[in-house]
Amino acid sequence: MTKSGIIADDDASLRGGLARFLRGAVTDAKIDEVSDGESLVQKVLGGGYSLVITDYDMGRGMTGVSAIRAIRASAATTPIFMLSGSDKREEALEAGATGYFPKNSRDITTLLKEVAQKYLN
C-alpha cells in the first residue's frame with residue numbers, strides 16, 4: 001500500500017521543493033500539496049495521509065497552528081510537523097503538532113528525510 005503525505009505552504013517554490021525532496025527520500029510515497037490551511041484541513045480530514053507538514057504563516061486565512069487544532073479536534077492522529085521561519089515551536093506543540101522544524105536549520109534536510117522515512121515507508 002502506498003503511503004501519502006501532504007505539504008501546506010503558501011510559497012509555491014518552497015512547497016514544490018519540499019515535495020520533490022520527499023518524493024526523492026521515499027520513492028513509493030504520494031505527496032500532495034496545498035497552499036492554505038483551509039485546504040489542508042479539508043484534505044487531511046478526508047483521510048488517508050500518513051504525514052502532514054505545514055508552514056505556520058500561509059499569508060491569508062487559517063494559520064498552520066489553527067489547521068493543526070482543527071485536525072486534532074476531529075480526533076485525527078496523523079503525524080503533523082510544523083515548518084516555520086519564526087520560532088513557533090511551543091505554539092505548534094501546544095496545538096498538537098508531532099514536531100517542529102525551523103526553516104533556517106542547517107539540519108533541515110536530514111530531519112525531513114528521517115521523518116519521511118519513518119512515516120512514509
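The legends below accompany three close-up views of a predicted model.

**View 1. Helix α5 and the elements that its buried residues contact.** Helix α5, which covers residues 108–120 and has 13 residues, reaches 17 Å from its first C-alpha to its last, close to the 18 Å expected at 1.5 Å a residue. Its buried residues are Ile108, Leu112, Val115, Ala116, Tyr119 and Leu120. Seen down the axis of α5, these buried residues fall within an arc of 100 degrees, so they line one face of the helix. The elements against which the buried residues of α5 pack are the helix α1 (12–25) and the strands β1 (4–8), β2 (30–34), β3 (51–55), β4 (80–84) and β5 (99–102).

**View 2. Strand β3 and its pairing with β1 and β4.** Because 5 of the 5 residues of β3 are buried, this strand is largely enclosed by the rest of the structure. In a regular strand the side chains alternate between the two faces of the sheet. In β3, Leu51, Ile53 and Asp55 point one way, while Val52 and Thr54 point the other way, and all are buried. Strands β1 and β3 run parallel and are joined by 4 bridges, with Ile6 standing opposite Val52 in β3. Strands β3 and β4 also run parallel and are joined by 4 bridges, and here Thr54 stands opposite Met82 in β4. From β3 the chain crosses through helix α3 (residues 64–73) to β4, in a β-α-β crossover that is right-handed.

**View 3. Glu90 in helix α4.** Glu90 lies in helix α4, which covers residues 89–95, and is exposed, with a relative accessible area of 59%. Between Glu90 and Leu18 there is a separation of 72 residues in sequence and of 23 Å in space, C-alpha to C-alpha.

Notes. Residues are numbered from 1 along each chain as its sequence is written. This is a predicted model: local features need pLDDT of at least 70, side-chain atom pairs count only at pLDDT 80 or more; totals for chains, interfaces and linings use all residues. Side-chain values use heavy atoms; hydrogens and water are left out. Helices (H or I, at least four residues) and strands (E, at least two) are DSSP runs, numbered from the N terminus. The expected span of a helix is 1.5 Å times one less than its number of residues. Buried means under 20% relative accessible area, exposed over 50%, partly exposed in between (1.4 Å probe, protein chains only). The arc is that of the directions from the helix axis to the C-beta atoms. Contact means heavy atoms within 4.5 Å. Two strands pair if DSSP finds at least two bridges between them. A crossover is right-handed if, with the strands pointing away from the viewer, the path from the first strand over the helix to the second runs clockwise.
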